[in-house]
Amino acid sequence: MQLRQLGSSGLMVSPICLGTMTFGSPVAEADAIRLTHAAIDLGINFIDTANVYEGYARYLGSPGGVAEEIVGKALRDRRDRVILATKVAAPVGPGPQDRGLSAVHILRELDRSLKRLQTDVIDLYIIHWPDKCVPLEVTLRAIDTAVQQGKIRYFGASNHSAWQLCEMLWLADRNVLPRVVSSQIPYSLLRRELHNDLTFCQQHGIGVTPYQSLQGGLLTGKYRRGQPPPADSRAAEKPDWMWQQDDALFDRLEAIAQQSAEAGVPMAQYALCGTLAQPAISSLIVGVKRLEQIQDAVAAANVVIPPDHLPKLDAICPPPWRQPDPVRGM
Ligand SMILES: NC(=O)c1ccc[n+]([C@@H]2O[C@H](COP(=O)([O-])OP(=O)(O)OC[C@H]3O[C@@H](n4cnc5c(N)ncnc54)[C@H](OP(=O)(O)O)[C@@H]3O)[C@@H](O)[C@H]2O)c1
């Protein structure tokens, strides 16, 4: 796989990043370790986890930690082969300091993540969600402390829009604080609300690392109109993690399936490749349950779809409205 730059960090990452949200359940520890090793052997050098991940057992405020512990075990003898990302902000308990982006919570959770991950340093520390109760400058100063302490190397944001990233860059420049280098957003062929933010990220050295580029498996072609979901699929095992499946969704899925068949590319690979075609994107975070799924994702990095397919995909799944450009007409 040809590596890509992660924004202005200087890091080179594989275009596919291993997501770990299902580590613990339905992917049991031993299988998760095997999948992680297989991913590294296939050329993936980027792993995404979070302090709260614990597979399907997760509920709002549950303590998390399970996925980080598994990743720590998996990387015990191969830590240097990966860029390791984890996150902070989501609730890990009922108390007021058990969530968010205050210095107390960030620095406490960072120490816990380091311990679970069995590492001295996290390459990319990500603020998982915005926290409207904490001034952004407080958060950036806590991040700066962690950088000065050598506990993190770079920081990224998740679930932030372009104006929020802009505020981060502005505060960082004004106060000589760390600059945000990555943006982890929900983005797929089916989900393009933040499409217009991609240009901002590209222009300002922020590598975009979308999550759910397969939309939880919908974009793999395994769900069919009018048929029950396959028994071992997420829609069967954990329906509340899936989108509602209606006729409008199947209209789009069937149109994408037809295009992928025309290109002679399996639908999952086609969907990932069609998303990777956006130049702002550094890496797609893909969740997997089985070895063949990682192999499929890695194969997508080398797939080429005909250039005229991209406008056709835009017609099937239109990007959000953008002001027409009367100056350049582009
Ligand atoms: N920052 C955030 O707020 C946030 C939120 C969500 C996720 N994430 C990150 O993004 C990662 C990916 O999210 P996700 O797992 O929800 O979404 P996803 O990558 O779109 O979907 C992954 C699921 O699709 C199915 N699948 C994958 N490849 C397949 C293939 N080739 N053929 C058939 N089915 C296939 C598998 O489920 P089944 O086999 O069970 O059907 C797999 O668990 C997470 O692990 C996490 O690291 C971040």
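Which elements cover the buried residues of helix 2? The points below take up this matter together with the other features of the model.

1. Status and overall form. The structure under review is a predicted model. Its secondary structure comprises 11 helices and 10 strands. The radius of gyration is 19 Å, which agrees with the value near 20 Å that a compact globule of 330 residues would have. Along the principal axes, the C-alpha atoms occupy a box of roughly 55 × 55 × 35 Å. Of the 330 residues, 44% are buried. Among contacts with a separation of 6 or more, 78% link residues 24 or more positions apart.

2. Helix 2 and its cover. Helix 2 spans residues 66-74, and its buried residues are Val66, Ala67, Glu68, Ile70, Val71 and Ala74. The charged residue Glu68 is thus one of the buried positions in this helix. The cover over these residues includes two helices, helix 1 (29-41) and helix 3 (103-117), as well as two strands, strand 4 (46-48) and strand 5 (83-88). As a general matter, an α-helix has 3.6 residues a turn, so residues three or four places apart point the same way.

3. The sheet. Eight strands make up an open sheet with parallel pairing, in the order 9-8-7-6-5-4-3-10. Strand 9 (207-208) and strand 10 are the edge strands, each of them pairing on one side only. In general, the strands of a sheet pair through backbone hydrogen bonds, either parallel or antiparallel.

4. Strands 6 and 7. Within the sheet, strand 6 (residues 122-127) pairs with strand 7 (residues 152-158) in the parallel sense, over five bridges. One point of register may be checked directly: Tyr125 has Phe155 of strand 7 as its bridge partner. Strand 7 is largely enclosed by the rest of the structure, because six of its seven residues are buried.

5. The nonpolar core. The largest nonpolar core contains 90 residues, and those with the most contacts inside it are Cys17, Leu219, Ala271 and Leu272. Helix 9 (residues 267-276) contributes the most to this core, namely seven residues. Beyond its neighbours within four places in sequence, Leu272 is in contact with Ser213, Leu214, Leu284, Ala297 and Ala300.

6. Cys273. This residue also belongs to helix 9. Is Cys273 buried or exposed? Cys273 is buried, because 22 other C-beta atoms lie within 10 Å, where the cut-off for burial is 20 or more. Its contacts outside the four neighbouring places in sequence are Ala300, Val303 and Ile305. Ala300 accordingly appears among the contacts of both Leu272 and Cys273. The C-alpha atoms of Cys273 and Ala299 are separated by 9.3 Å, with these positions 26 residues apart along the chain counted as their spacing.

7. Surroundings of the ligand. The ligand is surrounded by 28 residues, the closest being Gly19, Met21, Tyr211, Gly217 and Gly287. Two elements give two or more residues to this shell: strand 10 (284-287) and helix 10 (291-300). Strand 10 supplies the largest share, three residues. By class, the shell divides into 16 polar, seven nonpolar and five charged residues. Strand 10 therefore combines a place at the edge of the sheet with the largest share of the ligand shell, a combination that merits inspection in the display.

8. Backbone geometry. In general, most residues other than glycine have a negative phi, and most peptide bonds are trans. Three places in the model should be noted against that background. A cis peptide bond, with omega about 10°, joins Ser25 and Pro26. Pro26 is situated in the loop between strand 3 (16-19) and helix 1. Gln118, which is not a glycine, has a positive phi of about 55°, and its position is in the loop between helix 3 and strand 6. Asn159, likewise not a glycine, has a positive phi of about 60° and is found in the loop between strand 7 and helix 5 (162-175).

9. Exposure of the two positive-phi residues. Gln118 counts as partly exposed because there are 15 C-beta neighbours inside 10 Å. Asn159 is also classed as partly exposed, with 18 C-beta neighbours inside 10 Å.

How values were computed:
Residues are numbered from 1 along each chain as its sequence is written. This is a predicted model: local features need pLDDT of at least 70, side-chain atom pairs count only at pLDDT 80 or more; totals for chains, interfaces and linings use all residues. Helices (H or I, at least four residues) and strands (E, at least two) are DSSP runs, numbered from the N terminus. The radius of gyration is taken over C-alpha atoms; the globule rule is 2.2 Å times the number of residues to the power 0.38. A residue is buried if 20 or more other C-beta atoms lie within 10 Å of its own, exposed if 12 or fewer, and partly exposed in between; C-beta atoms are placed from the backbone. Two residues are in contact if their C-beta atoms, placed from the backbone, lie within 7 Å. A nonpolar core is a set of buried Ala, Val, Leu, Ile, Met, Phe, Trp, Tyr and Cys residues joined through C-beta atoms within 7 Å. A residue is near a molecule or strand if its C-beta atom, placed from the backbone, lies within 6 Å of it. Two strands pair if DSSP finds at least two bridges between them.
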